[in-house]
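Q: I should like to learn how contacts, burial and charge pairs are read from a set of coordinates. Could we begin with the general idea of a contact and then turn to a case?

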Amino acid sequence: MLPLVEEELVKRGWISDEDFQDLIVLAQSAPGLLAVNMAIFTGHKIKGLPGSIVSALGAVLPSLLIILLIAMFFTEFRDNDIVRRFFQGVRPAAVALILVPAVRMAQSGCKSWWTWLIALASLLGVAFLKVSPIWIILVTISVSVSVSLILQKRKTP
């Protein structure tokens with residue numbers, strides 16, 4: 001989903017590539033669904049409160065209607081071997097669709113060895129050590145602010 005959203009927002013000139021990276025971080029930090037948060041923040045950036053409302057509805061209503069239709073008919077097909085195999089076949093594609101934007105984001109967001117180190121440590125912490133992403137965000141913010149304050153003090157005589 002992220003590559004499609006990025007293409008629509010950045011290539012149409014609605015937001016810059018750097019703003020898109022910030023948008024992803026902000027949308028992931030806020031409670032709720034990523035797509036809805038991104039829609040709300042983008043709508044607000046483009047058209048204020050009315051843009052937020054319209055974009056939130058646009059992000060939620062199509063999915064809601066499709067899920068309602070699937071729920072109405074899925075109970076009849078859930079034990080079907082073809083349907084079960086379809087979902088098993090879709091899983092690897094879903095993994096690839098998640099990895100592609102993650103790699104792109106890492107390439108554009110990690111500009112030095114220490115940012116790559118932070119990204120790798122965060123990945124390992126969440127994936128293998130089951131560290132909550134909230135703790136990683138809080139630690140990263142604390143370290144970033146501390147380093148910025150130290151560097152700022154060194155520059156001022």
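A: Two residues are in contact when heavy atoms of theirs lie within 4.5 Å. The model shown here is predicted. In it, Thr 115 touches Gly 109 and Cys 110, when residues up to four places away in sequence are not counted.

Q: Where does Thr 115 lie, and is Thr 115 buried or exposed?

A: Thr 115 belongs to helix 5, which covers residues 113–127. A residue is called buried when its relative accessible area is under 20%. Thr 115 has 17% relative accessibility, and therefore counts as buried.

Q: How is a nonpolar core recognised, and which residues make up the largest nonpolar core?

A: The general idea is a set of buried nonpolar residues joined through side-chain atoms within 4.5 Å. Here the largest such core has 8 residues in all: Leu 2, Leu 9, Ile 15, Phe 20, Leu 23, Ile 24, Ala 27 and Met 38. Helix 1 (2–11) and helix 2 each contribute at least two residues to this core. Helix 2 provides the largest share, 4 residues.

Q: Which residues are in contact with Ala 27, leaving aside its neighbours within four places in sequence?

A: With those neighbours left aside, Ala 27 contacts Leu 34, Asn 37, Met 38 and Phe 41. Of these partners, Met 38 is itself listed in the core.

Q: How should one read the sidedness of a helix, and which residues of helix 1 are buried?

A: One looks down the helix axis and takes the directions from that axis to the C-beta atoms. In helix 1 the buried residues are Leu 2, Glu 6 and Leu 9. Their directions fall within an arc of 80° when seen down the axis of helix 1, so these residues line one face of the helix.

Q: Which helices do the buried residues of helix 1 pack against, and which exposed residues does the face turned away carry?

A: The buried residues of helix 1 pack against helix 2, helix 3 and helix 4. On the face turned away from the buried side are the exposed residues Leu 4 and Lys 11. After helix 1 comes Gly 13, with a positive phi near 85°.

Q: How is a salt bridge identified, and how many salt bridges does a search of the whole structure find?

A: The criterion is a side-chain nitrogen of Lys or Arg within 4 Å of a carboxyl oxygen of Asp or Glu. A search of the whole structure yields 3 salt bridges. One of them joins the side chains of Arg 12 and Glu 8, with an N to O distance of 2.6 Å. Arg 12 is exposed because its relative accessible area is 52%, whereas Glu 8, at 37%, is partly exposed.

Q: Which side chain does Lys 45 meet in a salt bridge?

A: The side chain of Lys 45 meets that of Asp 19, at 3.6 Å from N to O. Lys 45 lies in helix 3 and Asp 19 in helix 2 (residues 17–29), so the pair ties together parts that are 26 residues apart in sequence. Lys 45 has a relative accessible area of 52% and is therefore exposed, while Asp 19 is partly exposed at 30%. For a further distance involving Asp 19, its C-alpha atom is separated by 13 Å from that of Ala 39, 20 residues apart along the chain.

Q: How far apart are Arg 84 and Asp 81 in helix 4?

A: Arg 84 and Asp 81 are 3 residues apart in helix 4, about one turn of the helix. They form a salt bridge whose closest N and O atoms are 2.9 Å apart. Arg 84 is partly exposed at a relative accessible area of 38%, and Asp 81 is partly exposed at 41%.

Q: How is a nonpolar surface patch read, and which residues form the nonpolar patch here?

A: Such a patch joins nonpolar side chains within 5 Å, taken from residues with over 30% relative accessible area and no salt bridge. Here the patch is formed by Ile 66, Ile 67, Leu 69, Ile 70, Met 72, Phe 73, Phe 74, Phe 77, Phe 86, Phe 87 and Val 90, which together have about 1,100 Å² of accessible area. Helix 3 (34–77) and helix 4 (81–109) each supply at least two of its residues.

Q: Which helix gives the most to the nonpolar patch?

A: Helix 3 gives the most, with 8 residues. Phe 77, found in helix 3, is partly exposed, with a relative accessible area of 40%.

Notes: Residues are numbered from 1 along each chain as its sequence is written. This is a predicted model: local features need pLDDT of at least 70, side-chain atom pairs count only at pLDDT 80 or more; totals for chains, interfaces and linings use all residues. Side-chain values use heavy atoms; hydrogens and water are left out. Buried means under 20% relative accessible area, exposed over 50%, partly exposed in between (1.4 Å probe, protein chains only). Patches are made of residues with over 30% relative accessible area and no salt bridge: like charges are joined within 9 Å, nonpolar side chains (Val, Leu, Ile, Met, Phe, Trp, Tyr) within 5 Å. Accessible areas come from the Shrake-Rupley method with a 1.4 Å probe; for residues, only the protein chains shown count as cover.
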